[in-house]
Amino acid sequence: MTGIAQDKEVALVDRLTQACGGAYSPEVRRRYFITGPQWAPAYEGQAVFHAPVRSPLTFEQVIEGYARVGVGYWCTHDTDVIPTDALFTDRQNEIVGKIKESLQKHGMKCSMVTTETFHHPVWAAGPAAESPDVREYAKRRLSNTVAIGHELEAQFCVYWPGSLGYYIQGAVDEVQTLRWFAEGLNAACEADINIAKQKGRPTLKHCMEAKPFEPQAEILLPTSDAMLAFIFSGLLKHPDMVGLNPEYLHELMWGAAVRASLARALMCGKLFHFDINDGYRLKHDVDIAIGLVNPLDWLNVLVLLRSYDYKGPFNLDYKPPRTTSNHGVWSVSIPTMLDRFITLWEMAGEVISDPIIKEATDALKAGGTVSDHKDVNSIVSANRELLSLHELIGHRLFQILIGAHRGRTYSV
């Protein structure tokens, strides 16, 4: 087989991508509350065991790229775009001004801001470290990010306390550390209230994001359920302002059923924001694009969110594979991810309106006719055949996923 000439590779990738078909236009993609983080396309492929494989991207390039493929919203960590040493300075204001210009130029909005509290050496012991100076700096950083969010007219502020924990057992007081962490969130919420009042804007929605492990060996708030307990613990001065930003893969990493985790957040009225990606259960944080690993699970997740009228953003928190080039990030990775999400979302609508699933679920909810309501055997007998519908519903979901409900079959 003859090798592909290097000057023809891009054309080959683009031609095969187009040949796949099924792509939505940028105009259609913008109808959905999909948000594009700075860090996703800008990820160079580096990791503990990996050297970078792609060239860096500026926020101007990322915003322009998202606008071109049809993403209407952009979000960022503070130091994704502002060097740490430039925070709290006139240079920060200059950069924020340039971001606003770029967003306006490309018809985009900023949806969310978040503070980097895990990478810089100051966070070696986490954002709620024993040192009062570290904790005061954390409060300033969190409050500064809130101010940036208001300047960019964001709606959400996300907190990922992945460095809140320890490597060495017994080295920290977990209760005190959680109290200190609450002080940081309280400072951010207080700053938000004051800035929002000055600017005549609504306060931000503050969203906590759980992760069971990495980078700390033991994380103190490892799951969305743990964060719900924290929100309702009494430590927060403004618990009404604080909710969750679950990440699909972070829930899967500890073995959870993602749909069940989201259901508990919905039940508490705390599902504010949702990071979408894909990956493998009980593995590390690979951040694969949505639908490439668990499409049936994703369909079920979106059925739940559509059923309970989730109106928050879907944030593309993923990493383009190291095998994907800079060109491939914009020509393959991001557009195809958008199209899989939209397809699965619309499929979820088909599930909700499917007459077979509706009749089956209605029958299960009605139950069978019981001859003697006080006799357990009568209750079992009345529902015994109906329970076979559970498996039938699963089969129907599979049919919708592969298009069999529309007559797609295979001849053997």
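Two strands count as paired here if DSSP finds at least two bridges between them. Keep that in mind for strand 2 of this predicted model, where Cys 75 is the bridge partner of Pro 37. That contact belongs to the pairing of strand 1 (residues 34–37) with strand 2, which run parallel and are joined by 3 bridges. On to the next neighbour: strand 2 and strand 3 also pair in the parallel sense, over 5 bridges, and Tyr 73 has Lys 109 of strand 3 as its bridge partner.

Now zoom out to the sheet. It's an open one of 8 strands, paired in parallel, and the order reads 8-6-4-3-2-1-10-9. The edges are strand 8 (242–244) and strand 9 (274–275), each of which pairs on one side only. Strand 8 pairs with strand 6 (residues 205–208), again parallel, over 3 bridges; there, Cys 207 has Gly 243 of strand 8 as its bridge partner.

Back to strand 2 (residues 73–77) for a moment. How enclosed is this strand? It is largely enclosed by the rest of the structure, because 5 of its 5 residues are buried. In a regular strand, side chains alternate between the two faces of the sheet. Here both faces are covered: Tyr 73, Cys 75 and His 77 are buried on one side, and Trp 74 and Thr 76 are buried on the other.

Next, the helices. In helix 4 the buried residues are Phe 59, Val 62, Ile 63, Gly 65, Tyr 66, Ala 67 and Val 69. An α-helix has 3.6 residues a turn, so residues three or four places apart point the same way. After helix 4 comes Gly 70, with a positive phi near 110 degrees. Helix 7 and helix 8 (residues 174–199) are worth viewing together: their axes come within 8 Å and cross at roughly 30 degrees. The cut-off for roughly parallel is under 35 degrees, and therefore helix 7 and helix 8 are roughly parallel to each other. Their crossing is right-handed.

Then there are the aromatic rings, with 14 pairs in the count. Take Tyr 66 and Trp 330: their ring centres are 5.5 Å apart and their planes sit at 85 degrees, so this pair is edge-to-face. Tyr 66 is in helix 4 (residues 59–69) and Trp 330 is in helix 13 (residues 326–353), so the pair ties together parts that are 264 residues apart in sequence. Both Tyr 66 and Trp 330 are buried.

What about the rings of Trp 123 and Tyr 137? Their centres are 5.6 Å apart with planes at 35 degrees, so this pair is tilted. Trp 123 comes from the loop between strand 3 (109–114) and helix 7 (132–151), while Tyr 137 is in helix 7, 14 residues apart. Trp 123 counts as buried at 2% relative accessibility. Tyr 137 is buried too, with a relative accessible area of 19%, and the cut-off for buried is under 20%.

Elsewhere, Tyr 248, Phe 274, Trp 298, Tyr 310, Phe 314, Phe 341 and Trp 345 form one aromatic cluster. Charged side chains meet rings as well. Arg 135 lies over the face of Trp 180, 3.9 Å from the ring centre, and Lys 205 lies over the face of Phe 272, at 5.4 Å from the ring centre.

Methods:
Residues numbered from 1 in each chain as written. Predicted model: local features only at pLDDT ≥ 70, side-chain atom pairs only at ≥ 80, totals over all residues. Heavy atoms only, no water. Helix = DSSP H or I, 4+ residues; strand = E, 2+ residues; numbered from the N terminus. Phe/Tyr/Trp six-rings, centres within 6.5 Å; stacked < 30°, edge-to-face > 60°. Buried < 20%, exposed > 50% of the residue type's maximum accessible area, 1.4 Å probe, protein only. Lys NZ or Arg CZ within 6 Å of the ring centre and 35° of its normal. Axes fitted to C-alpha atoms, helices over the stretch in contact; angles between N-to-C directions. Parallel < 35°, antiparallel > 145°, perpendicular 65-115°, else oblique. Left-handed = near helix turned anticlockwise from the far one by under 90°.
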